[in-house]
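Student: I should like to learn how to read a protein model feature by feature. Could we work through one together?

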Amino acid sequence: MEKNSESIILNKATELFSAKGYDGVGVQEICTESKITKPTLYYYFSSKSGLLSAIIKEKGNLLYETLEKAAEYKHDFMLSLSTILKSTVEFAKENPAFFRLHCALKVSSPESEAGKLYAPFAQTLQKIFLEFFQKSVNEIGNMKGKEELFSRIFLQTVESFSLDIIQGRL
């Protein structure tokens, strides 16, 4: 099978995990939807958790790059907040299945397989927002000492808003 098979498997698994949750999807279902055999899936990803890791790496990197660029602080706090929000909404619209999966994985149990696989990536995204607020504190002095709180609140708000948009609630 060619490289395209790997992309097909990644995309189908992302859609299935997004719709049914990581634990709600079996390897056979992914294979059936991808029109491949189990040995093909195992050849590319070695396991279901390997498949989720590949999704996080490939699609998560796109989200990371989007947010990292949007969060470059240009000394205009309100413009920067707006840029981050717009970029996140655009990403969510372009990648709805992954974005829904991302939001679900963020709140999965830290003891679960999916939670353990996703936690480092979620922490990386949180770091982008924390650094943004740390850079902003010099201009918005009343945030001093509360950068982590504001970064967590803003990230959650941006993700919830973007999720509401792609789910048709806004």
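Tutor: The dialogue below takes up backbone angles, one helix residue, a helix pair and two pockets. Please keep in mind that this is a predicted model.

Student: Let us begin with the backbone. How should a phi value be read?

Tutor: Most residues other than glycine have a negative phi. A positive value is therefore worth noting in such a residue, given that general tendency. In this structure, S46 has a phi near 70°, although S46 is not a glycine.

Student: Where does S46 lie, and is S46 buried or exposed?

Tutor: S46 sits in the loop that joins α3 (38-45) to α4 (48-70). The relative accessibility of S46 is 55%, so S46 counts as exposed, the cut-off being over 50%.

Student: Which value does phi take at H75, and where is H75 placed?

Tutor: H75 is not a glycine, yet its phi is positive, at about 65°. H75 belongs to the loop between α4 and α5 (77-94). Because its relative accessibility is 58%, H75 counts as exposed.

Student: Now a residue within a helix. What can be said of the place and accessibility of Y42?

Tutor: Y42 is in helix α3. Its relative accessibility is 37%, so Y42 counts as partly exposed. Leaving aside residues up to four places away in sequence, Y42 touches V27 and S47.

Student: How far apart are Y42 and E90, in sequence and in space?

Tutor: Y42 and E90 are separated by 48 residues in sequence and by 33 Å in space, taken from C-alpha to C-alpha.

Student: How is a pair of packed helices described?

Tutor: Two quantities are used: the angle between the helix axes and the distance between those axes. For α5 and α6, the axes come within 5 Å and cross at roughly 115°. Angles of 65 to 115 degrees count as roughly perpendicular, and α5 and α6 are therefore roughly perpendicular to each other.

Student: Which residues of α5 and α6 meet?

Tutor: From α5 come T88, F91, A92, K93 and E94, and they meet P96, F98 and F99 of α6. By class, this contact of α5 with α6 comprises five nonpolar, one polar and two charged residues.

Student: Let us turn to pockets. What is the volume of the largest pocket, and how many residues line it?

Tutor: A pocket may be read by its volume, then its lining, then the classes of the lining residues. The largest pocket has a volume of about 250 Å³. Its lining has 13 residues, and K106, A119, A122, Q123 and R152 lie nearest the centre. The elements that give two or more residues to this lining are α6 (96-106), α7 (113-136) and α8 (147-166).

Student: Which element gives the most to the lining of the largest pocket, and how does that lining divide by class?

Tutor: α7 gives the most, with six residues. The classes are six nonpolar, five polar and two charged residues.

Student: How should the second largest pocket be read in turn?

Tutor: The second largest pocket holds about 160 Å³ of space. Here α4 and α7 are the elements that give two or more residues to the lining. Among the lining residues are Y64, E68, T124, K127 and F132. α7 gives the most to this lining, with six residues. By class, the lining of the second largest pocket divides into four nonpolar, one polar and five charged residues.

Terms used
Residues numbered from 1 in each chain as written. Predicted model: local features only at pLDDT ≥ 70, side-chain atom pairs only at ≥ 80, totals over all residues. Heavy atoms only, no water. Helix = DSSP H or I, 4+ residues; strand = E, 2+ residues; numbered from the N terminus. Buried < 20%, exposed > 50% of the residue type's maximum accessible area, 1.4 Å probe, protein only. 1 Å grid on protein atoms, 1.4 Å probe; cavity = no way out; pocket = protein on both sides within 12 Å on 5 of 7 lines; lining within 4 Å. Points joined across faces, edges and corners; volume = space filled by probe spheres on them. Nonpolar A, V, L, I, M, F, W, Y, C, P; charged D, E, K, R; others polar. Contact = heavy atoms within 4.5 Å. Axes fitted to C-alpha atoms, helices over the stretch in contact; angles between N-to-C directions. Parallel < 35°, antiparallel > 145°, perpendicular 65-115°, else oblique.
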